[in-house]
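Student: Could you walk me through this one? I have the picture open and would like to start with the empty spaces and then see how parts of the chain are held to each other.

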Amino acid sequence: MRSFVWMMVACSLVFGCGRSAERVATPVDAAAAQEAARVSALARQVVTYPRFGDDDPVEWDRRAPETYPVHGIDVSRWQRSIDWAQARRAGVNFAFLKATEGGDVADPMFDTHRRGAVAAGVPWGAYHYYYFCRSAESQAQWFIRNVPRGAPLPHVLDMEWTPKSRTCRLRPHGRDVRREARKFLDILEAHYGRRPVVYTTVDFYRDTGIGALGGTEFWLRSVADHPQKTYPGAYWMFWQYSGTGRVAGIEGPVDLNVFRGTPEGWVRWRDRLLP
């Protein structure tokens with residue numbers, strides 16, 4: 001009998017004998033709840049599932065771009081007139097702006113686009129179009145000279161073959177491409193505090209093995225098929241699905257892109273929050 005009583009006492013102390021113990025909220029719990037509420041509020045500001053036009057629409061045989069909630073654009077000198085506030089209302093949640101190429105070319109519309117995006121509250125990052133006739137160090141320094149700190153998004157290294165260039169058509173071995181890419185990314189990460197994304201194309205990805213770069217997020221071009229088909233096994237963060245898009249507020253065609261995640265995932269990625 002005595003042993004039974006002691007068993008019941010121990011049960012009540014340790015397990016509550018079937019009754020669930022009340023969990024006391026901690027400051028960590030409160031902070032997490034507050035952060036989740038903030039992310040949710042910011043996610044509600046994202047304009048989701050926009051219906052952009054396209055001069056050359058595609059019938060997708062896998063998941064279509066319009067089924068992704070978060071869309072954006074990339075622009076350069078070819079987009080001369082942009083009403084950024086109108087574009088944002090239409091569903092442009094981010095923009096990558098061409099800033100530089102090689103070691104001595106700066107996009108003449110970069111500052112105009114950057115100021116317009118900032119004024120309209122469109123998060124932006126800048127991209128550099130890479131040439132293999134100059135060193136990674138010289139091109140990274142050229143980019144840094146032209147792009148100020150303070151971008152809400154990481155910047156982008158655009159690597160693709162340049163067969164139509166009048167001055168540089170080199171096609172280095174994949175090993176050399178990856179080495180140069182890593183140098184460029186390291187320099188920009190050290191300067192801006194965030195590792196750049198790598199943008200590339202189907203043939204370049206296949207020829208160079210650029211996807212093997214560790215610790216790198218990718219923005220993949222695939223305008224006729226889903227990246228799952230054109231980049232088997234690749235993990236992408238952004239998908240450029242059109243080069244002939246139409247967006248309210250933008251004169252002429254524009255490149256269209258999706259972010260792979262949810263609005264909440266977008267806010268966390270954009271603001272560098274831990275999941």
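Tutor: What follows goes through pockets, a disulfide and aromatic rings, and please keep in mind that this is a predicted model.

Student: OK, what volume does the largest pocket have?

Tutor: The largest pocket has a volume of about 1,100 Å³. Its lining is made of 38 residues, and those closest to its centre are Trp-78, Lys-98, Glu-101, Tyr-129 and Tyr-131.

Student: And which elements give two or more residues to that lining?

Tutor: For the largest pocket these are strand 2 (71-75), strand 3 (95-101), strand 5 (124-129), strand 8 (218-221) and strand 9 (238-246).

Student: How do the residues of that lining divide into nonpolar, polar and charged?

Tutor: The lining of the largest pocket has 15 charged residues, 13 nonpolar ones and ten polar ones.

Student: How much space lies in the second largest pocket?

Tutor: The second largest pocket holds about 260 Å³ of space. It is lined by 14 residues, of which Phe-52, Asp-54, Trp-60, Glu-66 and Tyr-241 are the closest to its centre. Two elements appear with two or more residues in this lining, namely strand 1 (53-54) and strand 9. By class, the lining of the second largest pocket has eight nonpolar residues, along with three polar and three charged.

Student: Switching topic, how many disulfides does the structure hold?

Tutor: The structure holds one disulfide, and it joins Cys-133 to Cys-168 with an S to S distance of 2.0 Å. The torsion about that S-S bond is about 100 degrees, so the disulfide is right-handed.

Student: Where do those two cysteines lie along the chain?

Tutor: Cys-133 is in the loop between strand 5 and helix 5 (136-146), while Cys-168 is in the loop between strand 6 (156-158) and helix 6 (174-192), so that the pair links distant parts of the chain, 35 residues apart.

Student: Is Cys-133 buried or exposed, and what about Cys-168?

Tutor: Cys-133 is partly exposed, with a relative accessible area of 42%, whereas Cys-168 is buried, at 3%.

Student: Now the rings: how many aromatic pairs are there?

Tutor: The structure holds 27 aromatic pairs. One of them is Phe-94 with Phe-238, where the ring centres are 5.1 Å apart and the planes stand at 65 degrees, so the pair is edge-to-face.

Student: Which parts of the chain does that pair tie together?

Tutor: Phe-94 lies in the loop between helix 3 (84-90) and strand 3, and Phe-238 lies in strand 9, so the pair ties together parts that are 144 residues apart in sequence. Phe-94 is buried, with a relative accessible area of 0%, and Phe-238 is buried with a value of 0% as well. Phe-238 also pairs with Trp-269, with the ring centres 5.2 Å apart and the planes at 75 degrees, so this pair is edge-to-face too. Because Trp-269 lies in helix 9 (residues 263-270) and Phe-238 in strand 9, this second pair ties together parts that are 31 residues apart in sequence.

Student: Which residues do ring pairs link into a cluster there?

Tutor: The cluster consists of Phe-94, Phe-96, Tyr-199, Trp-219, Phe-238, Phe-259, Trp-266 and Trp-269, linked by ring pairs.

Student: One last thing, which ring does the charged end of Arg-63 sit over?

Tutor: The charged end of Arg-63 sits over the ring of Tyr-68, 3.6 Å from its centre. In another case, Arg-171 lies over the face of Trp-161, at 4.2 Å from the ring centre.

Key. Residues are numbered from 1 along each chain as its sequence is written. This is a predicted model: local features need pLDDT of at least 70, side-chain atom pairs count only at pLDDT 80 or more; totals for chains, interfaces and linings use all residues. Side-chain values use heavy atoms; hydrogens and water are left out. On a 1 Å grid over the protein atoms alone, a cavity is a set of points where a 1.4 Å probe fits but cannot get out, and a pocket is an open set with protein on both sides within 12 Å along at least five of seven lines; lining residues have an atom within 4 Å of a point. Grid points are joined across faces, edges and corners, and a volume is the space filled by probe spheres set on the points. Helices (H or I, at least four residues) and strands (E, at least two) are DSSP runs, numbered from the N terminus. Ala, Val, Leu, Ile, Met, Phe, Trp, Tyr, Cys and Pro count as nonpolar, Asp, Glu, Lys and Arg as charged, and the others, Gly among them, as polar. A disulfide is a pair of cysteine sulfur atoms within 2.5 Å. Buried means under 20% relative accessible area, exposed over 50%, partly exposed in between (1.4 Å probe, protein chains only). Rings of Phe, Tyr and Trp (its six-membered ring) pair if their centres lie within 6.5 Å; planes under 30 degrees apart count as stacked, over 60 as edge-to-face and the rest as tilted. A charge sits over a ring if NZ of Lys or CZ of Arg is within 6 Å of the ring centre and within 35 degrees of the ring normal.
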